[in-house]
Amino acid sequence: MTILYEQWQQQADQLVALLGEGTHVVGTADELVERVNNDRDDYLVVLGPSTPLAEAVGFAQQCRLRRPALGVVLLRQFLDVNVMSEALRAGVREVVDSGDPAAVLAACARSQDLSRQLASKPRTNGHALPASGAPLIGSSREGQVISVFSAKGGVGKTTIAINLALTLAENGRRKVCLMDLDLSFGDVAILTQLTPERTIADAIPVADRIDETGFRTLLTPYRAGVDVLLAPVQPQQAEEIGRELIGELIQMAREEFDYVVIDTASVFTEHILAALDATHHYVLVTTPEIPALKNTRVALDMFDLLDYRREARTVVLNRSDAKVGLTHGDVEKVIRMPIAGHIPSSRDVPVSANVGVPLAVSHPNHPVPTALREFAAKRFEDGSAKPKRGLFSKGAR
Ligand SMILES: Nc1ncnc2c1ncn2[C@@H]1O[C@H](COP(=O)(O)OP(=O)(O)O)[C@@H](O)[C@H]1O
Ligand SMILES: [Mg+2]
């Protein structure tokens with residue numbers, strides 16, 4: 001059930017009409033706390049627009065620690081970056097304009113979805129299970145797994161994953177496996193003009209007995225040092241791919257490659273969680289727009305709940321030079337993290353997408369691949385990944 005905290009009767013009535021009859025209204029902070037403590041099945045608390053910010057912040061901080069599966073959505077009559085940043089920092093999942101009913105309903109639905117996922121995850125001592133054996137950066141002799149993730153689609157994940165993979169490969173000096181785990185709507189094949197003759201879907205019938213040779217046959221060679229595991233051609237095949245298979249494929253890739261770069265989808269599905277669990281470096285892509293930033297903050301909170309190491313996360317600001325009224329300081333304030341990489345906006349990116357040749361291939365010195373190279377040099381090239389030899393390291397193909 002949803003709990004609505006709103007002191008003004010008229011406002012409360014309007015919101016109940018929007019949120020549904022099952023909504024339980026409380027008018028004081030004490031009642032709210034009592035209700036939350038007494039009913040462990042509640043997953044959503046909507047704080048109405050008259051809630052004082054200090055109360056909302058205090059409440060969200062308590063919930064974050066004691067009831068992580070409970071979502072708090074804050075409604076405001078006016079959205080303002082400072083309020084938003086303070087609220088999100090405290091653990092509020094979304095701050096929404098109370099005058100926009102569609103946005104309120106969508107935020108509530110997203111929060112309930114997330115709560116259901118969190119509530120159904122197996123836990124030990126109240127925490128999410130730790131990442132499946134992902135070692136500390138640099139402590140492994142196997143390849144490093146880099147997942148490019150965002151909580152919002154269309155921010156540039158695929159563009160960054162492809163160009164990053166090419167950059168890391170340095171024309172065959174290193175071996176990189178690029179995995180398209182946007183299983184339903186993968187774009188890697190089309191952006192690289194690769195024919196999906198073999199895809200991850202070919203692993204489904206042999207999921208429990210896949211070996212090194214079988215794994216290699218799934219890959220499509222791309223450029224020097226880069227091999228690609230493509231997404232299924234039929235979106236519905238995604239459903240047949242299990243969480244264990246994803247973990248297994250990543251492990252096999254680690255044994256063969258210096259880096260495994262994973263392009264993801266903007267959802268916390270079992271597949272994506274399996275990939276994130278096996279990840280050493282989380283590259284969170286965002287853009288300088290409030291919805292993207294807000295979702296980045298929500299994703300970072302989710303990462304906290306999932307116990308993904310903070311030192312393994314970096315935020316990359318794509319289209320960072322867009323003149324949209326937010327400074328880099330504003331961005332960092334909302335996401336509460338420093339920006340580790342700035343990728344400029346350029347019309348050459350969609351142009352390169354339309355011809356199916358990434359900029360890192362056609363124009364390696366273009367500002368976009370250059371920015372990614374600088375980011376990668378700072379972040380990943382710590383000497384931990386030794387160049388691998390073998391079938392896939394023969395240089396240009
Ligand atoms: N730095 C950039 N400058 C201009 N356009 C960009 C940039 N990065 C991405 N795009 C464009 O934005 C759209 C979404 O990018 P994409 O990489 O597919 O995002 P995602 O994988 O997160 O959905 C594409 O049309 C792409 O060409
Ligand atoms: Mg994509």
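This is a short talk on two sheets and two pockets in one protein model.

Okay, before we start: this is a predicted model, where local features need pLDDT of at least 70, side-chain atom pairs count only at pLDDT 80 or more, and totals for chains, interfaces and linings use all residues. Residues are numbered from 1 along each chain as its sequence is written, chains are lettered from A and ligands numbered from 1 in the order in which they are written, and side-chain values use heavy atoms, leaving out hydrogens and water.

Let's take the sheet of 5 strands. It's open, ordered 2-1-3-4-5, with parallel pairing. Helices (H or I, at least four residues) and strands (E, at least two) are DSSP runs numbered from the N terminus, and two strands pair if DSSP finds at least two bridges between them. Strand 2 (24-26) and strand 5 (94-97) are the edges with a single partner strand each, so one side of each has no neighbour in the sheet. Strand 4, residues 71-76, is joined to strand 5 by 4 bridges, and leucine 74 has valine 95 as its bridge partner there.

Now the other sheet: 8 strands, open, ordered 10-11-9-12-8-13-14-15, and the pairing is mixed. Here strand 10 (220-223) and strand 15 (339-343) are at the edges. Strands 13 (281-286) and 14 (313-318) run parallel over 5 bridges, with leucine 284 opposite valine 315. Helix 15 (367-379) lies across strands 13, 14 and 15, at about 160° to strand 15. Contact here is heavy atoms within 4.5 Å; angles run from 0 to 180 degrees between N-to-C directions, with axes fitted to C-alpha atoms, for helices over the stretch in contact.

On to pockets. On a 1 Å grid over the protein atoms alone, a pocket is an open set of points where a 1.4 Å probe fits, with protein on both sides within 12 Å along at least five of seven lines; lining residues have an atom within 4 Å of a point. Points join across faces, edges and corners, and volume is the space filled by probe spheres set on them.

The largest pocket holds about 500 Å³. Among its 29 lining residues, Gly156, Lys157, Thr158, Thr159 and Val349 are the closest to the centre. Helix 6 gives the largest share of that lining, 6 residues.

And the second largest? That one is about 370 Å³, with 16 lining residues. Helix 5 gives the largest share, 5 residues. What I'd point out is that domain 1 (2-119) and domain 2 (144-381) each give at least three residues to this lining; the bounds come from an automatic or database domain assignment.
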